[in-house]
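Student: Could we go through this one together? I'd like to take it slowly.

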Amino acid sequence: MHTKEIKNFDAIVIGSGQAGTPLVFKLASPGQKIAFIEREHFGGTCLNVGCTPTKTYVASARRMWEAKHGDELGIEIPTGAKANLGKIKARKDALIKKSVDGIAQGVKNNKNISFFKGEAYFEDHKVIAVNNELLTAEEIYINVGGSAFIPEGYGDVPYLTNQSILELEEIPEHLVVIGGSYIGLEFGQMFARLGAKVTIIERGSAIIGREDPETSQTIQRIMEEEGVDFRLGAECIAAQKDENGGIVAKINCSKEGAIEIKGSHLLLAVGRRPNSANLQLEKTGVKTNEKGFIEVNDYLETNIQGIYALGDCNGKGAFTHTAYNDYEIIAENKFEGKNRKVSDRILTYGLFVDPPLGRVGITKKEAEEKGLDVLIGHRPFSKIARAKEKGETEGYMSLVVDANTKKILGATILGVGGDEIISGIINIMYADKSYEVIRDSVQPHPTVSELIPTMLESLTKL
């Protein structure tokens, strides 16, 4: 029995990520009393240590690339461009501060929101403890996000994560990245462009193994041409401190045998884990799976009625856009009587290397593995006039079409503008229309997108 007073609210929101923040304002708007809990910083991963900061760095890295590639387009740029990481970081910090301050002001000005800064955990059924206070509500929304997964054996090694690497003020001399997936590739390319020597170590036989082999191979080749060194098939990966203050990564590569790689900095980019471990969910009976993700149904409700999990911690998507869609599902079902479901959404994401990758639905490889009857469209960027005019002909576009229904099942656009161009295909998929809608459309010339209808005129059997 609790001797402390338990404060009653209409709802409690734990975490201020891309689902929790809009949800708290939505819940408070009809005059309900809402408790809002955040342990670290308003805005969650995306705003503070994810999309916003990394894309500012990607933009700076792109300027460096342009400074070194003027000659190809007849622009003579004097040599000597130098990246100032202190200035790059300051620009990033200012962008983040403006958004974080905006959220903080909104919370402060809303009389229906009670804010608690601290670590939240369940003390009893639907009873939350934070900062020595007890809160309760019939509705509880968990939006605690995820963080970098740290494998065993790195306790004494001075490693960086996607979060701490953004605090560096000097360009690393030699950045060693363990993990050849989305985060490792983005940081690897951007720091290589800013002037670091970069080595990426990957356990698999290919980088970003979930993508089509052509995607993995193209991105690897592009990055290798920019000076990034890849070590694939790396077993027995270990690291230790170097006597000079750096690190030594020890790997056993299938091709080269046991080797040592000395670097000045080590970035661990081997995956993410949900931040659910400290919530003491067992005290309220909420189920998690073996990886710690909070199990939810199609409406984001856990096995306990009235307790919901949104964003990265529910394992239903690891992206800002899926977290925000989680918010939309909750808000529109609750306040507008809609019947939106998690299963309604189509998987889509980007990889923000340069040129970028836009992805939606299934890959060609997945279609093959599932034995689907599909038609494939394919076109290299080297056969797209606008790409040639821009001097950026790396990459390709590919579509997977159901041979029977004529519906688009998936697409890959790796090339200049790919992260934006993919939206046109996503829209057709959500409209549930035939690929012929795009094939027969008239697109503006000269663009990259105008070649999508051309590509769709000559589909081939897988």
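Tutor: Let us begin with residue classes: Ala, Val, Leu, Ile, Met, Phe, Trp, Tyr, Cys and Pro count as nonpolar, Asp, Glu, Lys and Arg as charged, and the others, Gly among them, as polar. This is a predicted model, where local features need pLDDT of at least 70, side-chain atom pairs count only at pLDDT 80 or more, and totals for chains, interfaces and linings use all residues. Residues are numbered from 1 along each chain as its sequence is written, and side-chain values use heavy atoms, leaving out hydrogens and water.

Student: OK, so how many nonpolar, polar and charged residues are in the lining of the second largest pocket?

Tutor: That lining has 8 charged, 6 nonpolar and 3 polar residues.

Student: Which residues lie nearest its centre?

Tutor: Of the 17 residues lining the second largest pocket, Trp65, His69, Arg193, Ile222 and Glu226 lie nearest its centre.

Student: And which helix gives the most to that lining?

Tutor: Helix 3 does, with 3 residues, while helix 3 (51–67), helix 5 (182–194) and helix 6 (213–225) each supply at least two.

Student: New topic: at what angle do helix 1 and helix 7 pack?

Tutor: Helix 1 (residues 20–28) and helix 7 (residues 320–335) pack at about 15°, with axes 9 Å apart. They are therefore roughly parallel to each other, a term for angles under 35 degrees.

Student: Which residues of helix 1 make the contact?

Tutor: Pro22, Leu23, Lys26 and Leu27 do, meeting helix 7 residues that include Tyr324 and Phe335, where contact means heavy atoms within 4.5 Å. The residues of this contact comprise 8 nonpolar, no polar and 2 charged.

Methods: Axes are lines fitted to C-alpha atoms, for helices over the stretch in contact, and angles run from 0 to 180 degrees between N-to-C directions. Helices (H or I, at least four residues) and strands (E, at least two) are DSSP runs, numbered from the N terminus. Angles under 35 degrees count as roughly parallel, over 145 as roughly antiparallel, 65 to 115 as roughly perpendicular and the rest as oblique. On a 1 Å grid over the protein atoms alone, a cavity is a set of points where a 1.4 Å probe fits but cannot get out, and a pocket is an open set with protein on both sides within 12 Å along at least five of seven lines; lining residues have an atom within 4 Å of a point.
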